[in-house]
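Visitor: I should like to go through this structure by question and answer. Please show it first.

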Amino acid sequence: MTPLPRGLRDLDAWVELAYAEGLTDGLPVLPPTRRAVDQLVAASGRLADECLGGIPPRGGLATVEVVAANAVMAGCPPECMPVLLAAIEALLEPRFNLNGVQVTTHGCWPLLIVSGPIVEQLGMATAESVFSGGGSRASATLGRALRLVLWNAGGAFPGEPVKEVFGHPGRYAYCVAEHRVHPWSSLHESRGLARESSAVTVFACEAPHSVAFWGVGADPEERLASVADAMRTRGSNNTHTMGELLVAFSPSETRHLHASGYSRERVQERLFELSKRRVGEIRSRAADAPATYEWWPASVDQSNDDALVPIVESPEAIHLIVAGADSIPWAAVCPGWGHLGGFAITRAVRDGEG
Amino acid sequence: MEIVDPRGQVETHDSGLAPRIRHSAGGLQLGFLVNEQTRHQGPDFYGYTLALEEALRERVEIAEVVRVCKPLLSRPAEPPQLEELRHVQGVINGLAK
């Protein structure tokens, strides 16, 4: 790794250096000036040299200062630093398997899900275009900052070592915030944190696949069956190996489900049941097909084509969020990486400077 | 304009190569660290290890072959799997599709 020059004459010199040294994935980035980096470090409420860990696969040490440098490059406002640091700590938990997520052939990428009072404090988007930033600086730059940390400290470069076959547009920036006002418990509350906490949840998943309720009435069971159908497509890692999965409901659909007697937990249970698939629909009996599916639980009779196979490990492995425009009752499904990792990790956001 | 390097330092540790495999009088003890029990695209991985074993037997005397399977292809081998390979003189590790 070539040391960077400490001083640059102007912005043009930075742009040339950033591309020459591979400090960006192709999009332009702002210069991580000492003054701006120090400002973000101060806003984090932590010491500059506090180390969160090595970012795989390269293993560059993610000190608070290094994270701040990438956040400056992304255009992150200082007040986002506590969320970004909590997200990186979550990614570094062994259960997440960040090394695998970074280099896999699969097209998953860590989605940041921010929930709690900090959503409003940061001005994050929760409505229209919620999965693509919604025009909010905090929403767009938090996802972007995470990408740059994983790029620069993690060295997750396409080809070597990243073997992703098709890619994921969310690699540029993948962050969503949950609506604050809805009848269900928030995502972080359902995962054990206090209701008034601010939290970030990381989950490696594919891009959202929208589910419009074409051809069905108001019956919640019919609506959930439509969602379940999108969850269990053949070829999806979930359908074949289980793991975890995320479903977003728009606020109006959440209210509809709630008014129909469907709590968050009941929706998880119903989706778990409705998304099961017959063994015979998933695995082939051809001579060159695998004799057994090693990922399925022993309770599945693999010799019986009519046996039902769950596509996630449990109802709780279906992560529900409330997000998106309130104009129409829709849902969106984000398949996970299957049994291989990228599992949801939730961290409370610590207070920063102010 | 002073800038801060966004890449982070990498901690490195000096380590030498493992001892080279010598032909022991009783033959070589060889390990294969493989991924899942069955592959779902292309040839079975055990097929590769059998082919490699056959090729090696033409060149060296082999007393024992130990095949150990990682529980998950996306993660490093866990200590119990490595323990099974502790007594062998060399391990071949790879992914085949």
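Visitor: Which pattern does chain B follow, read along the sequence?
Guide: This is a predicted model, in which local features need pLDDT of at least 70, side-chain atom pairs count only at pLDDT 80 or more, and totals for chains, interfaces and linings use all residues. Residues are numbered from 1 along each chain as its sequence is written, chains are lettered from A and ligands numbered from 1 in the order in which they are written, and side-chain values use heavy atoms, with hydrogens and water left out. Chain B has two helices and three strands, where helices (H or I, at least four residues) and strands (E, at least two) are DSSP runs numbered from the N terminus. Along the sequence, the pattern of chain B is β-α-β-α-β.

Visitor: What share of the residues in chain B is buried?
Guide: Buried means under 20% relative accessible area, exposed over 50%, and partly exposed in between (1.4 Å probe, protein chains only). Of the 97 residues in chain B, the buried share is 34%.

Visitor: Which helix of chain A gives the most to the largest nonpolar core?
Guide: A nonpolar core is a set of buried Ala, Val, Leu, Ile, Met, Phe, Trp, Tyr and Cys residues joined through side-chain atoms within 4.5 Å. The largest has 81 residues, and A:Trp14, A:Met81 and A:Leu84 are among those with the most contacts inside it. With nine residues, the helix of chain A that gives the most to this core is H4 (residues 81-91).

Visitor: What is the area buried between chain A and chain B?
Guide: Contact means heavy atoms within 4.5 Å, and 42 residues of chain A are in contact with 19 residues of chain B. Buried area is the accessible area (1.4 Å probe) that two parts lose on being put together, summed over both. Carbon and sulfur atoms give 58% of the area between chain A and chain B, which is about 2,600 Å².

Visitor: Which three residues supply 19% of the area that chain A buries against chain B?
Guide: No other three residues supply more of the area that chain A buries against chain B. The three are A:Met1, A:Arg6 and A:Glu294.

Visitor: How many salt bridges are there between chain A and chain B?
Guide: A salt bridge is a side-chain nitrogen of Lys or Arg within 4 Å of a carboxyl oxygen of Asp or Glu. The side chains of B:Arg7 and A:Glu21 meet in one (4.0 Å, N to O). Between chain A and chain B, the count of salt bridges is three.

Visitor: Why does the pair of A:Asp306 and A:Arg278 tie together parts that are apart in sequence?
Guide: A:Asp306 and A:Arg278 form a salt bridge, with the closest N and O atoms 2.9 Å apart. A:Asp306 lies in the loop between helix H13 (279-282) and strand E9 (308-309) of chain A, and A:Arg278 in strand E8 (residues 277-278), so the pair ties together parts whose separation in sequence is 28 residues.

Visitor: Is B:Glu53 buried or exposed?
Guide: The side chains of B:Glu53 and B:Arg67 meet in a salt bridge (2.8 Å, N to O). B:Arg67, at 26% relative accessibility, counts as partly exposed. With a relative accessible area of 12%, B:Glu53 is buried.
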